[in-house]
Amino acid sequence: MFLSHIYTFLVTFTHCVFFKVSCSSSEFSLDGDYLLGGLFPVHDIQHATPLLSPEANECFRHTLSKSGYQMLQVMRFAVEEINNSTTLLPNVSLGYEIFDHCSDTKNFPSVFSLISQNGSIKPQEKLNSHHPKVIALTGPYGSTRTITIAPLVTMDLIPLVNYGATSYTLSDKLHYPSYIRTIPSNKDLIQMMIHIIQWFGWNWVAFLRDPDSNSEDGLQLFNSYIKNTGICLAYQEVLSQRVNYSLTLQKINRLNINVVVVFTGSQYAKNIIKAAIANNIRNKVWIASETWSMNQQLPKEPGVEKIGTIVGITERFLSLPGFHEFIYKAKGTSEMNTHDDAESEIQMKTCNQYCDNCSMLTAEDIINEDPTFSFAIYSAIYTIAHALHKVLQCDINECSTNISVKPYMLLGEMKKLDFPLNGRQVKYDVNGDPAVSCAVVLWHTETNPPWIQMVGTYKTHPEITFTINNSLMPWRNNTAVPFSNCSVECKEGFSRERVRYHDCCFLCKKCQQNNYVNYSRDPYSCVSCEEREWFDGTSMTCKPRPVVYLQFTEISSVAIIFCNACLITFLFAMLFIFAFNHNTPVVRSAGGNMCFLMLVCLIMSSLGVFFFFGEPTAVKCPLRNFLFGFFYAVCLSCLAVRAFQIVCVFKMAADYPNVHRVWVKYNGQWVSVVSFSVFHFIVCVLFMTVTQVKPFIDFVSFKDIIFFTCERGHVIITGTIMFVNIFLGSVCIGFAYVARDLPKNYNESKSITFSIVFFIVIWIFYFTVNVLIRSKSVVLFNALAQIASVYAIFICYFIPKSYIMLFQPEKNTAAYFQTSIQTYTQTISRG
């Protein structure tokens, strides 16, 4: 009830004081079938003073705004263009009532005039019974001014099609049901600024704003939208008339902030830019809001080119065809108009429909002024016209004249509009906000005269798209993008560790081996890879580890298999040669029947090599080492017995005849070989059964692969097998050394010694490689060591004998061997 009394008082006060004044001006008023209201800042209050009494503001007493006057002319141009159209509103004319709206809180008389009916306002009047002076209005400029008057306008659902208020608060249809705007809201403008910051990888920024509600709304949205983007608001400041601009800039410098968002009106933007010039600020990036990004005076400020790069956001550049001609015509007409009547002048001043300094502006002054809001005003008037077209059920020839138009009827149609206008689609969402089509602009202050270039775009229809042409930016020529980050981004494999309150400030900490950092999820934690995965240190995810084993098709495998096949072929050939020469002295001196056992054992040893290739199985794993381990040891035992037998014939027969007799009588060489073979066979069977040599997946030895191999078996049993081979080799070398001076044809010391030395060297090399190298090649070296061991005995022991049988048959006779024995006996006797 109390608010209702205040409201009635205001209405009565304004009606008595202002509405009785008759105002007329060719630029502020135009008769028509339907009137539109317009609120424009033709004058600008530089410094507001506290209100000491209830009074309206007289705008003409303040500073003329060329930009505001240009806005007024755009509305006049749009109305004239619509009235001249024969299709949009045929046989219907639009008129207007325009007021100079220069104050945030002291311009209520003009608003009351627009929403009144016959000079009075009835707050409780039903919508169908209320006929305000205007069917819709556009304006005012600025969010604070709009929020101040919007409740009065929207109370009666009069469409308020705004061109210059971006506060996201106005999108709330519960509080502002008839508010529609033709420019982007702060929501879109702030998101566009964030897109610019993210595009260049910045995350350490300052935000400067006005003390008004619109800038506060922008700051709240900025803080809300930078969450989870990696952007940190390092510093914020409210720019008022009393703020110390130099101190503000010093704080920004001290925090190493190189990107500054200036979300203010033109006046505060001028103050901060001039202060930056005066304080010798260098190499900053200034992101300008739409209110001053197209300012025509600031780019000409001396020294502005030194403060850094100025990037702004604004509506896409759209020319208004015919507007320049309209201005030249309007200025020509207005110069002929004079106002000599002092009383009329006072009346017009009182109504805020007078501009005594506007006649001093030339057409060029108006045309060259900041065009930021021109299309917004133009589309606002066309929005009203198209809605009226729908309400009046117009066709291309005429509109219905028997329909009583109410403002709320236009509002219902506006929400459904979708029409093209100068190449752009005009439509509104459920909040009354338009489809956004903005531009990113760059100030070229280094040239004379300076100019503004469009370098990027941002659109929300049909989908959100944002792009910047990097080749047009000032740092394109071999210079780095300005750095504005609290910390240098960590390298792959390093996690962040916070050092300050802000997430952007951190140290880099190396992750442990096989751990990675997923920066898109949690840059502060190292994540361990799964057992079948690995981290290569250059990505943000683990990679699968391939399962690796020796394939038959690998070049190295093919080479070894070929060598082994050749070896087996040679061994069979050697077996055939020895069988053919079975009763010759060379074969008997080499061991006789024992040679055939040695050759068969070497063939069987070679077969184990084939089980090293292909996928390991429960059969392959034990056989690859069992065949070689057992049969090669039998072969070594034959060599040891053969070496002992030669010594026994020539040395022990003379010194220990009884021992020699027993050895020959009971076939000591075969008893020794069989006994050893049985013992070694038992050890090898234990190797295959007790230790259960089976396929083994090795996850540990290699970080980037999973090695599919065979278990090595029990250490003691495996060691016993290796010890037996080493022992037999040592016995062979020992007996070979004792027999070094025996007859040449019976002396096997060199052949046996070389065979065993090669065998030992080969396996020393293999075990060295096995310790030093971690690779699947170790398995390859194992197979190679087995082949080389067989080749050692084959080449050093059997090849020389086959050579005599094939190419020196004269030495393969009993007479030749008897001569060697006689020579040896004579030598011993003389000794």
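How many disulfides does the structure hold? There are eight of them in this predicted model, and the close-ups below visit a few before moving on to a helix start, a surface patch and the cores.

**View 1. Cys-355 and Cys-358 pair up as a disulfide.** Here the two sulfur atoms sit 1.7 Å apart. The torsion about the S-S bond is about 90 degrees, so this disulfide is right-handed. Looking for these cysteines on the surface won't get you far: Cys-355 is buried, and Cys-358 is buried too.

**View 2. A disulfide connects Cys-486 with Cys-505.** The S to S distance is 1.9 Å, and with 105 degrees about the S-S bond this link is right-handed. Cys-486 belongs to the loop between strand S18 (465–468) and strand S19 (494–498), while Cys-505 belongs to the loop between S19 and strand S20 (506–510), so the bond ties together parts that are 19 residues apart in sequence. Cys-505 has a relative accessibility of 1%, so it counts as buried.

**View 3. Cys-490 and Cys-508 make another disulfide.** Their sulfur atoms are 2.0 Å apart, and at -95 degrees about the S-S bond the link is left-handed. The pair bridges distant parts of the chain, with Cys-490 in the loop between S18 and S19 and Cys-508 in strand S20, 18 residues apart. What about cover? Cys-490 is buried, with a relative accessible area of 8%, whereas Cys-508 is partly exposed at 39%.

**View 4. Cys-566 is in no disulfide.** Its nearest cysteine sulfur belongs to Cys-563 and lies 6.4 Å away; a disulfide here needs two sulfur atoms within 2.5 Å. Cys-566 has a relative accessible area of 23%, so it counts as partly exposed.

**View 5. Ser-374 is part of helix H12 (residues 374–391).** Is this serine buried or exposed? With 7% relative accessibility, Ser-374 counts as buried. Leaving aside residues up to four places away in sequence, Ser-374 touches Gln-70, Val-74 and Leu-320.

**View 6. Five nonpolar residues make a surface patch of about 430 Å².** The members to pick out are Val-674, Val-678, Ile-682, Leu-686 and Val-690. Val-674 lies in helix H19 (residues 668–689) and, at 48% relative accessibility, counts as partly exposed.

**View 7. The largest nonpolar core has 68 residues.** Inside this core, the residues with the most contacts are Phe-578, Leu-639, Ile-793 and Phe-798. Several helices give two or more residues to the core, including helix H14 (555–580), helix H20 (715–738), helix H21 (749–772) and helix H22 (777–807). H19 is also one of these contributors. Which element supplies the largest share of this core? That would be H17, with 15 residues.

**View 8. Leu-639 and its neighbours, close up.** Not counting residues up to four places away in sequence, Leu-639 touches Met-598, Cys-732, Ile-752, Ile-756, Ile-793 and Tyr-797. Ile-793 also appears among the residues with the most contacts inside the largest core. Apart from this core lies another one, of 61 residues, and Phe-77, Ile-82, Tyr-163 and Ile-366 are among its members.

Notes:
Residues numbered from 1 in each chain as written. Predicted model: local features only at pLDDT ≥ 70, side-chain atom pairs only at ≥ 80, totals over all residues. Heavy atoms only, no water. Buried < 20%, exposed > 50% of the residue type's maximum accessible area, 1.4 Å probe, protein only. Helix = DSSP H or I, 4+ residues; strand = E, 2+ residues; numbered from the N terminus. Contact = heavy atoms within 4.5 Å. Patch = residues over 30% accessible without salt bridge, like charges linked within 9 Å, V, L, I, M, F, W, Y side chains within 5 Å. Areas by Shrake-Rupley, 256 points an atom, 1.4 Å probe, with all protein chains shown as cover. Salt bridge = Lys/Arg side-chain N within 4 Å of Asp/Glu carboxyl O. Core = buried A, V, L, I, M, F, W, Y, C linked by side-chain atoms within 4.5 Å.
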